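Please work through the exercises below with the sequence and the model at hand. Each task is followed by a solution in steps.

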Amino acid sequence: MPFTTKRRRIYAKTEAVVGTAETLALSDNVPRIRNARFRPISLQVERNIVRTTFTPLPKLVPGQTMIELTFEAEMGGAITNPKAVFDEPNWSKLISACGLKHANGKGLTIPASGAGSVVGGPFRHGETVTQATSAATGTVVGDTYLGQTSLFVRAITGTFNTTNVITGGTSAATCTPSGVTTNSLNSWRLNSDINTFDALTMALQIDENPGKYLRLKGCRGTVNFQFTHGTPIIMEFTFQGVLVSYTETAPTGTLQDSQLVPPTFFNTAFTLTDGTLVLDTATANKPTLSQMTLTLANAVSLRENSAGAPQGIDFAVVTSRSPTGSFNPDEVNASVYDFAASFAQGTVNRMICIVGSSSGSRFEFRVPGIVYAGLTDSDREEVYIIDASFEMTSGNYTLGGAGADNELVLLGT
């Protein structure tokens, strides 16, 4: 009986001990995936020793097998929102194994200008803020500049209010919130400590009844966020892991239900600024674009171990990242925004993209440092556009000093 690709399924579970396989259940499945594929890579050693014949010797194959697993997943909200504490979406465990660390936090509304607005900003990602009188403290998630209307913090102590001034412990920036969310929100921030990266036990189900199940352990990887007009955000994953088994033994339990309908890249809030000139969907200078990509480009290697690892590999390790992106905006007058000058002068821009509006299915991507790597003269349906590629960096602070692990921040609100 042939296997069908339509009924493939991905399972994933965070490992309590990195490199030690977890027992997977049906409830560990990842909803709404597509294009799931795997590629086995086996260590094969050439033996080109001196001999009297041109006939090749068999390669030495010691049994070390790693698996590359690729698939795509829609970015949507969790199952039961809205509620007092937002559920962490099922796919969060996937990006957590790609170096984006999840945490709950609070959203503080701040005036765009005038009393209470950000003064002396930006608030810096990762710094501790303290509120006067209430003594509430929290860690900033995503840089917050002059003119922005929201500050996200991971609460540490106390309760924030709408009366007292908040001060940044590193930046010395100040603001006074005009509102505080009642719900706990989701945030994902980059992590550079390889010893605290999550790792996954994963499985690829190849059809069912009958079916085969490819199981992996110690999986880590990278992700590419793909934005296309009118469609959901697609997360393109590539994982590497150690082969555990490839058998007909199926997981047991109850499947994870589908998540909420995902938001689409449509009627999206988008801001791009070089610090002076601004393209913003909330102003007269509105950007026009139909596609965007944000790519972490993690470097992943398998940790080889000749001393005791049954297959010679312990687990996958993320050793670096080179985040990049691209988009295709319409060209505009230089007085509105100057793509060419930003490219030629290496100007550091910042960008915010908000997709979705429903509570629990609204995602905000913050990039404090865009440096253009290339601009191509192009067209979309015979309208002049700029095909732009860029590198995501730590941003450019007036107060001096680069940020850390802030080149991409994702908020779920």
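The exercises move from the whole chain to its pocket and cavities, and then to single residues.

The model is predicted: local features need pLDDT of at least 70, side-chain atom pairs count only at pLDDT 80 or more, and totals for chains, interfaces and linings use all residues. Residues are numbered from 1 along each chain as its sequence is written, and side-chain values use heavy atoms, with hydrogens and water left out.

**Exercise 1. The chain as a whole**

Task: State the secondary structure of the chain and explain why the chain is as compact as a globular protein of its length.

Solution.
- Step 1. The chain has two helices and 24 strands; these are DSSP runs numbered from the N terminus, with helices being H or I of at least four residues and strands E of at least two.
- Step 2. The radius of gyration is 24 Å, close to the 22 Å from the globule rule for 413 residues, so the chain is as compact as a globular protein of that length. The radius is taken over C-alpha atoms, and the rule is 2.2 Å times the number of residues to the power 0.38.
- Step 3. The C-alpha trace spans about 80 × 50 × 40 Å along its principal axes.
- Step 4. Of the 413 residues, 49% are buried. Buried means under 20% relative accessible area, exposed over 50%, and partly exposed in between, with a 1.4 Å probe and protein chains only.
- Step 5. Among contacts with a separation of 6 or more, 70% join residues 24 or more positions apart, a contact being heavy atoms within 4.5 Å.

**Exercise 2. The largest pocket**

Task: Determine which residues are closest to the centre of the largest pocket and which elements give two or more residues to its lining.

Solution.
- Step 1. The largest pocket holds about 680 Å³ of space. On a 1 Å grid over the protein atoms alone, a pocket is an open set of points with protein on both sides within 12 Å along at least five of seven lines, whereas a cavity is a set where a 1.4 Å probe fits but cannot get out; lining residues have an atom within 4 Å of a point. Grid points are joined across faces, edges and corners, and a volume is the space filled by probe spheres set on the points.
- Step 2. The lining consists of 33 residues, and Gly147, Gln148, Thr149, Ser150 and Ile352 are the closest to the centre.
- Step 3. Two or more lining residues come from each of strand 4, strand 7, strand 15 (269-273), strand 16 (278-280), strand 21 (349-355) and strand 22 (363-380).
- Step 4. By class, the lining of this pocket has 15 nonpolar, 12 polar and six charged residues. Ala, Val, Leu, Ile, Met, Phe, Trp, Tyr, Cys and Pro count as nonpolar, Asp, Glu, Lys and Arg as charged, and the others, Gly among them, as polar.

**Exercise 3. The second largest cavity and Ser187**

Task: Identify the strand that supplies the largest share of the lining of the second largest cavity, and decide whether Ser187 is buried or exposed.

Solution.
- Step 1. The whole structure contains two cavities of 30 Å³ or more, and the second largest has about 30 Å³ of space.
- Step 2. Its lining is formed by Gly105, Lys106, Val141, Phe152, Val153, Leu185, Asn186, Ser187 and Leu411.
- Step 3. Strand 4 (100-109), strand 7 (150-157) and strand 11 (185-190) each supply at least two of these residues; strand 11 gives the largest share, three residues.
- Step 4. Ser187 lies in strand 11. Ser187 is buried because its relative accessible area is 4%.
- Step 5. Beyond neighbours within four places in sequence, Ser187 contacts Lys101, His102, Ala103, Val141, Arg154, Leu410 and Leu411.

**Exercise 4. Two alanines in one loop**

Task: Classify Ala172 as buried or exposed, and do likewise for Ala173.

Solution.
- Step 1. Ala172 lies in the loop between strand 8 and strand 9, as does Ala173, with the strands at 166-168 and 174-175.
- Step 2. Ala172 is exposed at 51% relative accessibility, whereas Ala173 is buried at 0%.
- Step 3. Not counting residues up to four places away in sequence, Ala173 touches Val119, Gly120, Gly121, Pro122, Phe123, Ile166, Thr167 and Gly168.
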